[in-house]
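Please find below a colleague's note on the structure under review. It is set out as numbered points, to be read alongside the sequence and the coordinates.

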Amino acid sequence: MPLILTFLVGSILIAIIASIILLPVSEMLPKKNKQAQPSRRPFALLRLNQLLAVNKQLKLLKQRYLDTDQKIDVLNQQLITIQEAERKRLSAELHDEIGQHLTAIQFDLNTIKHSASLDEAKNSAAA
């Protein structure tokens with residue numbers, strides 16, 4: 001609804017500005033019948049083709065807006081997919097790294113536990 005109101009207000013403003021800009025041109029054109037001359041109000045100078053051109057421009061703007069909105073949705077989905085993939089990769093990397101460290105610690109503890117001499121236990125503890 002706000003988009004429709006924006007287009008409506010925009011088209012009215014464009015129509016008023018166009019009629020003000022075209023006022024000097026209409027005064028330079030020869031008049032066939034001075035009694036049938038339209039009033040000098042801004043809306044009196046508007047022509048159907050001008051309104052159709054404004055309508056066409058508004059439709060083009062609306063289509064551009066919809067296309068841009070669709071592109072933004074696609075990019076947002078791609079961003080979410082990339083973020084999820086990166087999180088999974090980091091999670092797997094952290095899990096694997098921690099698992100390797102815990103396994104190495106367990107081997108060192110077993111070596112310390114089953115070591116025959118104090119020097120062998122110290123070397124394993126240093127590792």
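The points below take up confidence, fold, surface and side-chain contacts in turn.

1. Status of the model. The structure is a predicted model. The protein chain has a mean pLDDT of 80, and 81% of its residues reach 70 or more. Among the elements of the chain, helix α2 has the highest mean pLDDT, at 88, and helix α3 (residues 118–126) has the lowest, at 76. As a general caution, predicted coordinates should not be read in detail where pLDDT is low.

2. Secondary structure. The protein chain contains three helices and zero strands. Along the sequence the pattern is therefore α-α-α, with helices counted as DSSP runs and numbered from the N terminus. Helix α1 covers residues 2–28, helix α2 covers residues 48–113, and helix α3 covers residues 118–126.

3. Geometry of helix α2. This helix has 66 residues. From its first C-alpha to its last it reaches 97 Å, close to the 98 Å expected at 1.5 Å a residue.

4. Burial and overall surface. Of the 127 residues in the protein chain, 11% are buried. Gln-50, Val-54 and Leu-58 are buried residues in helix α2. The chain exposes about 11,100 Å², and carbon and sulfur atoms supply 64% of that area.

5. Nonpolar patch. Which residues make the nonpolar surface patch of about 530 Å²? The contributors are Met-1, Ile-4, Leu-5, Leu-8 and Ile-12. Ile-12 is placed in helix α1. The relative accessible area of Ile-12 is 39%, so this residue counts as partly exposed. Because patch residues need over 30% relative accessible area, the 39% of Ile-12 satisfies that cut-off.

6. Salt-bridge network in helix α2. The structure holds two salt bridges, and a network of salt bridges links Glu-86, Arg-89 and Glu-93. In general terms, side chains of opposite charge can pair when their charged atoms come close. Between the side chains of Arg-89 and Glu-86, the N to O distance is 2.6 Å. These two residues are three residues apart in helix α2, so about one helical turn separates them. The side chains of Glu-93 and Arg-89 form a salt bridge with an N to O distance of 3.0 Å. Glu-93 and Arg-89 also both lie in helix α2, four residues apart, which is about one turn of the helix.

7. Exposure of the network. Are the residues of this network buried, partly exposed or exposed? Arg-89 has a relative accessible area of 43% and is therefore partly exposed. Glu-86 is likewise partly exposed, at 35%. Glu-93, at 42% relative accessibility, also counts as partly exposed.

8. Asn-110 and Ser-124. Asn-110 is found in helix α2. Its relative accessibility is 34%, so Asn-110 counts as partly exposed. Asn-110 and Ser-124 are 14 residues apart along the chain, and their C-alpha atoms are separated by 9.2 Å. Helix α3, at residues 118–126, is the element with the lowest mean pLDDT, 76.

Notes
Residues are numbered from 1 along each chain as its sequence is written. Side-chain values use heavy atoms; hydrogens and water are left out. The expected span of a helix is 1.5 Å times one less than its number of residues. Buried means under 20% relative accessible area, exposed over 50%, partly exposed in between (1.4 Å probe, protein chains only). Accessible areas come from the Shrake-Rupley method with a 1.4 Å probe; for residues, only the protein chains shown count as cover. Patches are made of residues with over 30% relative accessible area and no salt bridge: like charges are joined within 9 Å, nonpolar side chains (Val, Leu, Ile, Met, Phe, Trp, Tyr) within 5 Å. A salt bridge is a side-chain nitrogen of Lys or Arg within 4 Å of a carboxyl oxygen of Asp or Glu. pLDDT is the predictor's confidence in each residue, from 0 to 100.
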